[in-house]
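Let's get to know this structure through a few short exercises, each with a worked solution. Keep the 3D view open and follow along.

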Amino acid sequence: MPGETTTMDPLAGVEHDPGVAKPDPILTVHDMVRSFGGLVAVNVAHLEIQRGIITGLIGPNGAGKTTFFNLLTGFDAPNRGHAEFNRKSIDKGSPHRLARGGLVRTFQLTKSLTKLSVMENMKLGAQSQAGEKFYRAVLPFTWRSQERAIEERALDLLHRFKLDHMADEYAGTLSGGQRKLLEMARALMCEPELIMLDEPMAGVNPALTQDLLRHVKDLRDQGISVVFVEHDMDVVRDISDWVVVMAEGAVIAEGPHSAITGNQAVIDAYLGSHHDAPLSIEEEEQRIAEDEAAAAAEQSKGGRR
Amino acid sequence: MISLAAIDWGSIIELSLTQAFGVQAAFYAIAAIGLNVHFGYAGLLNFGQVGFVAMGAYGMGLTVTYWQQDSVLLAVIVGVLFSVAFALILGLPTLRLRADYLAIVTIAAAEIVRFLARSTALRGITRGAEGLNEWIGPFRALSPFDASTQYGFGPLVYRGNNLFALVIGWGVALLAVLLVWTLMRSPWGRVVKAIREDEDAATALGKNAYWYKMQALILGGVIGGFAGMVNAIDNATVQPDFFVAPLTFFFWLVLILGGVGRVWSPIIGAMIFWGLITFVQTLGIELVREGFIPTSVMDSTQINQIRFWIVGSALALLMIFRPQGIFGSREEMALDAR
Amino acid sequence: MRNKRGIATSVLVLAALATFLPMATAQESSGESVATTIRIEDDAGERIGAEGVLITVLDAEGNELGSAATDAEGEFFFEVPGPGEYSLLLDETTLPPGWILRNPDRNPAVITLNAGQDGRTIFATTRGDGTGTGTPLVQPDSGVTFRQVAQLTVEGLKLGVFIAMMAIGISLIFGTTGLVNFAHGEMVGWGMLIAYLFNFYGLAGVFGWLEGLPAPLGSGMNLAIAALFAIIGGAAMGWAFDRFIFGPLRRRGAGLIAQMVVTIGLSLVLRYAFLFAFGGNPRFFRDYTAQRALQLGVIEITPKDLITGLLSVLILVGVGLFLMGTRMGKAMRAVADNRDLAESSGIDVQRVIRFIWTLGGALAALGGVFMGLSEQVSWNIGFRTLLLVFAGVILGGLGTAFGALVGSLLVGIGIQVSTIVVPTELKNVGALVLLITILIFRPQGILGRKERIG
């Protein structure tokens, strides 16, 4: 529960209305629309994400969560709309610039770079490594000391995520859960201000889930703002300080978890049946099937090796 | 009575070895090193490497022919600039798209280069199908070897001009390998390899995938351009019909033979490839001459076509059965499938 | 592994099959230039030169070296790179109206040159009876006429429907499997060569002992029937590709890039097998080669072009109706749209894909016959057309059958109409430049969806 981990709740006095203003927003979205053909996937009138807390983004299937996520991180472009990160416009931000600016994301289907070692995966996250410039790359003495510092930091993080014994293995040899951990650790190498996690617990075995949750809470305690997409209501209840509910592309409710569970709009959005519990087994299974189909489709249409 | 003893095996093998270490092998090696940067490290599907080769050769040949008749250095620089320009033209529209678009565009663009070079419209500049033939002078002037002397290294014998091209060729090949080796151990190489593995992941970590792919395309293209220059110096000519589309897939075979994404693979692949092609062709010609193959089946000009069959079937079969090449490890390839 | 051996065998069998075609002779020799004079009679019966007759020079391997038009004296002169065998191919549609070649079988004319030699050949002309009306297509010093544009548009449409026949297969294969098939051009060449074989020799062209037996075994037959064999052959090749190579590769989970390189390898093996079997010189079918053009309004068109063009349109409409109306057609579109969804809703995806390969092979082969009839029969038609097909497919939108159709028509028209400003020898370059340009501005093509490209 939020109260247990944060003694001073910065959102204590904030109304529980969709689009409400917050005292210190790190990310602000205004009038953002994305449609595919005739289908409006995202239509968010106004949303602010508070700095320094964990914000959970939930909603039923097809609510547009992942599309919204892609829009915010620059991986997709809205038809119209305006977004600010740290009070600076990111409307024309390409994803790599946003990442450099401190807005870093992970993916629902983990993207470990299988033929690079775990350590190389980590070092990739480091920003402003001079040796990543072509003309400096051929002069190793210009980047070697920096590389050593990065390596130390990476080892530190790997240790925290209990991956240090795998440092020299190919990332392709990691298990699914370890890949999730690696992806999170790698994102931290970017030293983000805001980290956006796309279903961080999806496909992770329950034993590891607690581990991952602890890491997410650690992030907040280090002062990093966290936004995550999740469909498991238990996870949301456990770690989010603030919950934003999307349905049919729009934000329909927000507030602390306790306020959301009783919200009529949210109950309606989930067809009035699962307002306080995890989704039904059938729905859960259907969702897993769809995720698998999406994963398979991505692989078969990938065009890349 | 005909017998296999009539075949001069000794000289066939000698010739094959001479060719395996000769300048043509170096030419294939350099072009494949460029392709290795594209495909092996950056994952770019370049099916028109021959276009870069042609750009390098024409850039150099045109400079000497029309502009600076004595500056070898300037000619080489222009050759490089031609290759860079070609990379930009190809890369700008396609590097944001799926990998197969680059494949289609590169194969088409390489053909455009050849069509234009041989067209009557540009005949005044490129000299059409005859090509550029009067520019080798300043290069040969730099040769420390005597043109009419045969230089022997054990069983390998090369003429003076040939040896000059050979030294340049293998010199360039070694420098290119060294450059690629250095780059791929650097953070730059790490980013490029990451983009090959997953472009979105690299982007999400703040890397400008488009720009890195462009850099890789230019680097591999310029190396390909050098291959064109080496070949031009060896043959003292730049002719459009040398740069036919299948040549690109000779480079591909060289690369896959040695193992994609390995620094030395193009060198080893090129020596095996060119030695083997020479062996098969000279043997074929011998067999026709000695009557083992009746001319009704195949005459000596058709022997030249055998190489395309070898390249085509070897490409297909290697890709199916040994995609890691002769020396690559199966385990590393298997990581993709997980 | 049984599978592996199956793939290896089929690569070799396909290569061997391709070589079972009539043998050609390739010669060697040497020279410097080739020349000819085209003469006709004016109304007074005076021999005068025919201006503006387009002649293309090809080398022994059938590569175009260039083309030029005859001058006011009817003289044609062309410098060739060196000694060797060259053929001069006269574009009969550029002869002055009312004139045809007396001996169309001698087109192209082959000249063999020794070092330092200038070679000369003769194209004898004769008055084609009747239609001596009309003016030359391209009049010297006259601007672009409506007639010219209309004529070129019709020719472009014709080329476009031919391209479309090949493009639909490529596009459907890509749409359902994600594979860009670089060997599609060889299915075109395969169809063309099978038609040639049955047109001239029947099966006796492969198995000499059959000679003397009735057609199709021992002798040639009319091209229209030979074309049926080409369609069957093309379908068989498409089927075999999927049955023995790409189907097994898919089952083994081979990557798309690996499969693409395999198509490249196949294409090289087959193309050079065609060269080996057929020889480098372009040739013509036995039937319908030289035809007098019909005058339809402002347009001139030969009956063969008219018929093959209309046939292609009919076939394309048929394919369209098939895609829209039949169970298999709907299944094909469903698989192209979302393979996994189609699979889970009970469609036999592998069967659909095999059907698409077979259909694609048949269409490509027939397209090859039409191309051979409209232009010439040559071993490397496949690769030359493939690039135009790519242009059409990308212009229309990779992966959509209707996009491929529209794109191909536009490419065909674009190529022909562009000859008003672009030299004829560079007209295909225009199409390829268009391909690159379209990728800059609308990479998903005219009818494609943006989601496919990323």
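Before we start, one term: two strands count as paired if DSSP finds at least two bridges between them. Also bear in mind that this is a predicted model.

**Exercise 1. Find the order of the strands in the six-stranded open sheet of chain A, and say which strands stand at its edges.**

Step 1: Going across the sheet, the order is β6-β7-β8-β3-β9-β10 of chain A, and the pairing is mixed.

Step 2: Look for strands with a single partner. These are β6 (103–105) and β10 (250–255) of chain A, so one side of each has no neighbour in the sheet.

Step 3: From one strand to the next, the twist averages 20°.

Step 4: Now zoom in on one edge. β6(A) pairs with β7(A), residues 194–198, in the parallel sense over three bridges. In this region R105(A) stands opposite M196(A) of β7(A).

**Exercise 2. Work out which strands helix α2 and helix α8 of chain A meet.**

Step 1: Helix α2(A), residues 65–72, packs on the sheet and touches β3 (54–58), β7, β8 (225–229) and β9 (242–247) of chain A. Its direction makes about 150° with that of β7(A).

Step 2: Helix α8(A), residues 206–221, lies across β3, β7 and β8 of chain A. Relative to β8(A), helix α8(A) runs at about 145°.

**Exercise 3. Locate N86(A) and E248(A), and state what is notable about their phi angles.**

Step 1: Recall the general pattern. Most residues other than glycine have a negative phi.

Step 2: N86(A) is not a glycine, yet has a positive phi of about 55°. You will find N86(A) in the loop between β4 (80–85) and β5 (88–89) of chain A.

Step 3: E248(A), also not a glycine, has a positive phi near 50°. Its place is the loop between β9 and β10 of chain A.

Step 4: Are these residues buried or exposed? A residue with 20 or more other C-beta atoms within 10 Å is buried, one with 12 or fewer is exposed, and anything in between is partly exposed. N86(A) has 15 such neighbours, so N86(A) is partly exposed. E248(A) has 15 other C-beta atoms within 10 Å, so E248(A) is partly exposed.

**Exercise 4. Describe the overall build of chain B.**

Step 1: Chain B holds 16 helices and two strands.

Step 2: Its radius of gyration is 21 Å, close to the 20 Å from the globule rule for 338 residues, so chain B is as compact as a globular protein of that length.

Step 3: The C-alpha atoms of chain B fill a box of roughly 70 × 50 × 40 Å along the principal axes.

Step 4: Of the 338 residues, 58% count as buried. Taking the contacts in chain B between residues at least 6 apart in sequence, 74% join residues at least 24 apart.

**Exercise 5. Find what chain C brings to its contact with chain B.**

Step 1: The contact takes 45 residues from chain C and 47 residues from chain B.

Step 2: On the chain C side, the elements giving two or more residues are α1 (2–19), β5 (64–69), α5 (256–278), α10 (381–396) and α12 (427–441). The largest share, 13 residues, comes from α5(C).

Step 3: Sorted by class, this side of chain C has 37 nonpolar, five polar and three charged residues.

Step 4: Follow α12(C) further. Its 15 residues should span 21 Å at 1.5 Å a residue, and the end C-alpha atoms are 22 Å apart, which agrees. Buried residues of α12(C) include N428(C), L432(C), L435(C) and L439(C). Their cover includes α4 (72–94) and α5 (99–118) of chain B, together with α10 and α11 (401–418) of chain C.

**Exercise 6. Describe the three-stranded open sheet of chain C.**

Step 1: The order is β6-β1-β10 of chain C, with mixed pairing.

Step 2: β6 (75–79) and β10 (118–122) of chain C each have a single partner strand, so they stand at the edges with one side lacking a neighbour in the sheet.

Step 3: β1(C), residues 33–37, pairs with β10(C) in the parallel sense over five bridges. Here V34(C) stands opposite G119(C) in β10(C).

Note on methods:
Residues are numbered from 1 along each chain as its sequence is written. Chains are lettered from A and ligands numbered from 1 in the order in which they are written. This is a predicted model: local features need pLDDT of at least 70, side-chain atom pairs count only at pLDDT 80 or more; totals for chains, interfaces and linings use all residues. Helices (H or I, at least four residues) and strands (E, at least two) are DSSP runs, numbered from the N terminus. Axes are lines fitted to C-alpha atoms, for helices over the stretch in contact, and angles run from 0 to 180 degrees between N-to-C directions. Two residues are in contact if their C-beta atoms, placed from the backbone, lie within 7 Å. The radius of gyration is taken over C-alpha atoms; the globule rule is 2.2 Å times the number of residues to the power 0.38. Ala, Val, Leu, Ile, Met, Phe, Trp, Tyr, Cys and Pro count as nonpolar, Asp, Glu, Lys and Arg as charged, and the others, Gly among them, as polar. The expected span of a helix is 1.5 Å times one less than its number of residues.
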